[in-house]
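Happy to walk through this one with you. Here is the structure, followed by some questions you might ask at the bench.

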Amino acid sequence: MFVNLLIILAASLLVIALFRHLKLPPLLAYMSVGLALGPGSLGWLQHHEDMPLLAEFGVVFLLFSLGLEFSLPRMLALRRVVFGLGSLQVIVCTLPLAGLLHLAGLALPAALLIGGGLALSSTAIVTKELSSLGEVFSSHGQNSIGVLLFQDLVAVLLLTMIPVIAGGTEQAWYWALPITLSKAALLFAGLLVASRWLLPRLFHEVAQANAAELFVLLALVIVLLTAWLTHLLGLSMALGAFLAGMLLGESHYRHQIEADIRPFRDVLLGLFFVSVGMLIDVSLFASHGLLILGMTLALLLIKGSLVALLVRLRGGDNETAWRSGLTLAQGGEFCFALVAQAQLVKLVPAELSGLILAATFCSMAVTPLLLRAAPQMAARLSKRPHAEGRAEEIASACEEHEQHVLICGFGRVGQSIGRFLRREGIPFVALDNDPIRVQEAAAGELSVHYGDSRRGELLEALGVTRARLLVVAADNPAHALETVKQARKLSTTLPILVRTRDDSHLASLQEAGASEVVPELLESSLMLASHALVMLGLPERRVQARIDEVRRDRYHLLHGFYHGTSANLLDQQGRPRILLHAVNLSADAYACGRPLNELRLNELGVELQAVRRAGDELALTDNPLLREADALLLTGTLDAIERAEARLLAGTQ
């Protein structure tokens, strides 16, 4: 087991780094590790009896943390989705899948059983990806979570029916569902009592002790104890963990609990996806590749279209229907356990079970990519009027606009700008690539369109050459940069205002043609500093002059920061941040007794902000002779600062 874990962690480290470089989800990296190194391929990883249990805890932690995001009132509001849409999805998807399996040679009872397993979706993949994409509380996210909860109950029911169908027990199958629901109700009642009276007091006592390790231990004990109790009742451990998390979701400590279990959740969930990949025999792809591809496509098309149809019939719009269908189209991890058990009791031939598992694996593997492409796919499938690529319609809608403001990115910042423009009676047109946001905004904003602002033809259709101002409020720096370049190609005189999070892209945006770049973090720092100076009694004109001076100097005064022990030294794009660091010269430092210019620090990629001696700041233009106890304040990346410090202290570099 130890060797397995070592190989998994080492291989995952390398493969995840590669997948991130290729902009692919880490989930696919874990599954690829299991597929490539498992018993069915290279054989570096071998099945171990403890591996499935350890891997299942990843799903347990994931569902617990997801439950923390919900509350009991929210779940009660979802009861129609859980039992209404959930039951319909299982029934409607089971029947055609079972029919195909029966045509493939399975007996009707076995076909219904395996068809029911294929009707279930992947709780682990869907919840993980919805959380990563921030779509848990979207309409399609709520539909998916509700259906997955019902599927967890059905999973237990299907497992209990295997010995019944195989003829190994006299238990009547029709008692299985009432028994399962009764156990779930009993578990819910027990957890409700504990979450209302016992757990808050426990967390309060632990919080009073002010010991971080006690809080972590209590969170782990709750998750594992819930899973154990659920397992004793013969239910899904993941279902019990979700209920426990949901009942703790109204606690004051839920954010701290979620932060404490996140590292355990992510690592164990990685083991789960590796174990899924290990179940697949790679040789099947060589001998039955086309058949597996056909089965995968059939599974995705049948489930996706049927779920979309159900959501539409229940009153959902086309966008929500198709995105719900794409989210739930794959097979699930439970199918692996069901097929394995059915094969043991001779309900399914070995060759057919291998093909079913391979197709299920492929459908799970493409799901992260499907979810990322879902906005564009759903927009095309639902034939929305603002669908990307229909520049002619956008141009027709905007042909009367003249001297308007064009807003690229209609998120929080873009909407705020739009409100001010509307109040002043200034016309504007907005473009955004989130179909849900556009659909909601378009109900009350006739000037909001769907599309990618990096496409020059869409900017031209929106009247960028006739616009008075272009505001790029997109949250993605790379998208913002490309938008500026495309806009500048179409108009050399148009004023372009760009919003960024910090100053890391300021220079590149200005080189691309941005007229003004406003870094959010630096502007908020300026606002706080100006308020502080005014509250200290400084004249407002003097404060405003200082702020204007910093802006004219491209926020030079605010570049760099003292990173401390907890700050991330890389920005969101993985590039080194500009840091602020003071180097104190000891008596035997190389720089002592040497003039400042002789050290040529700028060649090392750092910028000297100040030299302080005995509390006073020396004039850098005087090229001072450095002495013992002088402090040199440097800004630059961590590597550059380390090189400069080495030259100042030891004369190297």
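Below are questions and answers on this predicted model.

Q: How many helices and strands does the protein chain have?
A: The model is predicted, so the picture here is a computed one. Counting along the protein chain gives 25 helices and 10 strands.

Q: What percentage of the residues in the protein chain is buried?
A: A residue counts as buried when its relative accessible area is under 20%. Applied to the 653 residues of the protein chain, that cut-off gives a buried share of 48%.

Q: What share of the contacts in the protein chain with a separation of 6 or more joins residues 24 or more positions apart?
A: Let's set aside the contacts between close sequence neighbours and take those with a separation of 6 or more. Among these, the pairs 24 or more positions apart account for 72%.

Q: Which helix gives the largest share of the largest nonpolar core?
A: In soluble globular proteins, nonpolar side chains tend to be buried together. The largest nonpolar core here has 119 residues, and those with the most contacts inside it are Met31, Phe64, Ile114 and Phe273. The largest share of this core is 13 residues, and they come from helix α8, residues 139-166.

Q: How many residues are in the second, separate core?
A: Apart from the largest core, with its 119 residues, there is a second, separate one. Ile394, Val429, Ala514 and Val517 are included in this second core, which has 25 residues.

Q: Are helices α2 and α12 parallel or oblique to each other?
A: Helix α2 covers residues 26-37 and helix α12 residues 254-278; their axes are 6 Å apart and the packing angle is about 45 degrees. Angles under 35 degrees count as roughly parallel and 65 to 115 as roughly perpendicular, so this angle falls in neither class. The two helices, α2 and α12, are therefore oblique.

Q: Is the crossing of α2 and α12 left-handed or right-handed, and how do the residues of the contact divide?
A: The crossing of α2 and α12 is right-handed. On the α2 side, the contact is made by Leu27, Tyr30, Met31, Val33, Gly34 and Leu35, and on the α12 side by Asp266, Gly270, Phe273, Val274, Val276, Gly277 and Met278. By type, the residues of this contact are 9 nonpolar, 3 polar and 1 charged.

Q: Which residues is phenylalanine 273 in contact with, leaving aside its neighbours within four places in sequence?
A: Phe273 is among the residues with the most contacts inside the largest nonpolar core, and it is also one of the α12 residues that make the contact with α2. Two residues on its contact list, Ala124 and Ile125, are buried residues of helix α7, which runs from 123 to 133. Leaving aside neighbours within four places, the contacts of phenylalanine 273 are Leu27, Tyr30, Met31, Ala124 and Ile125.

Q: Is α10 roughly parallel or roughly perpendicular to α12?
A: Helix α10, residues 212-232, packs with α12 at an angle of about 75 degrees, with the axes 9 Å apart. Because angles of 65 to 115 degrees fall in one class, α10 counts as roughly perpendicular to α12.

Q: Is glutamate 319 buried or exposed?
A: Glutamate 319 lies in helix α14, residues 318-327. That helix is mostly covered, with 8 of its 10 residues buried. Because its relative accessibility is 1%, glutamate 319 is buried.

Q: How far apart in space are glutamate 319 and histidine 140, C-alpha to C-alpha?
A: In sequence, glutamate 319 and histidine 140 are 179 residues apart. In space, their C-alpha to C-alpha distance is 8.7 Å.

Q: What is the phi of glutamine 403?
A: Most residues other than glycine have a negative phi. Glutamine 403 sits in the loop between α17 (391-398) and β1 (405-408). Although it is not a glycine, glutamine 403 has a positive phi of about 55 degrees.

Q: Where is asparagine 623 found?
A: Asparagine 623 is not a glycine either, yet has a positive phi of about 50 degrees. With a relative accessible area of 27%, asparagine 623 is partly exposed. Its place is in the loop between β9 (616-617) and β10 (631-636).

Methods: Residues are numbered from 1 along each chain as its sequence is written. This is a predicted model: local features need pLDDT of at least 70, side-chain atom pairs count only at pLDDT 80 or more; totals for chains, interfaces and linings use all residues. Side-chain values use heavy atoms; hydrogens and water are left out. Buried means under 20% relative accessible area, exposed over 50%, partly exposed in between (1.4 Å probe, protein chains only). Helices (H or I, at least four residues) and strands (E, at least two) are DSSP runs, numbered from the N terminus. Axes are lines fitted to C-alpha atoms, for helices over the stretch in contact, and angles run from 0 to 180 degrees between N-to-C directions. Angles under 35 degrees count as roughly parallel, over 145 as roughly antiparallel, 65 to 115 as roughly perpendicular and the rest as oblique. A crossing is left-handed if the near helix is turned anticlockwise from the far one by less than a right angle, and right-handed if clockwise. Contact means heavy atoms within 4.5 Å. Ala, Val, Leu, Ile, Met, Phe, Trp, Tyr, Cys and Pro count as nonpolar, Asp, Glu, Lys and Arg as charged, and the others, Gly among them, as polar. A nonpolar core is a set of buried Ala, Val, Leu, Ile, Met, Phe, Trp, Tyr and Cys residues joined through side-chain atoms within 4.5 Å.
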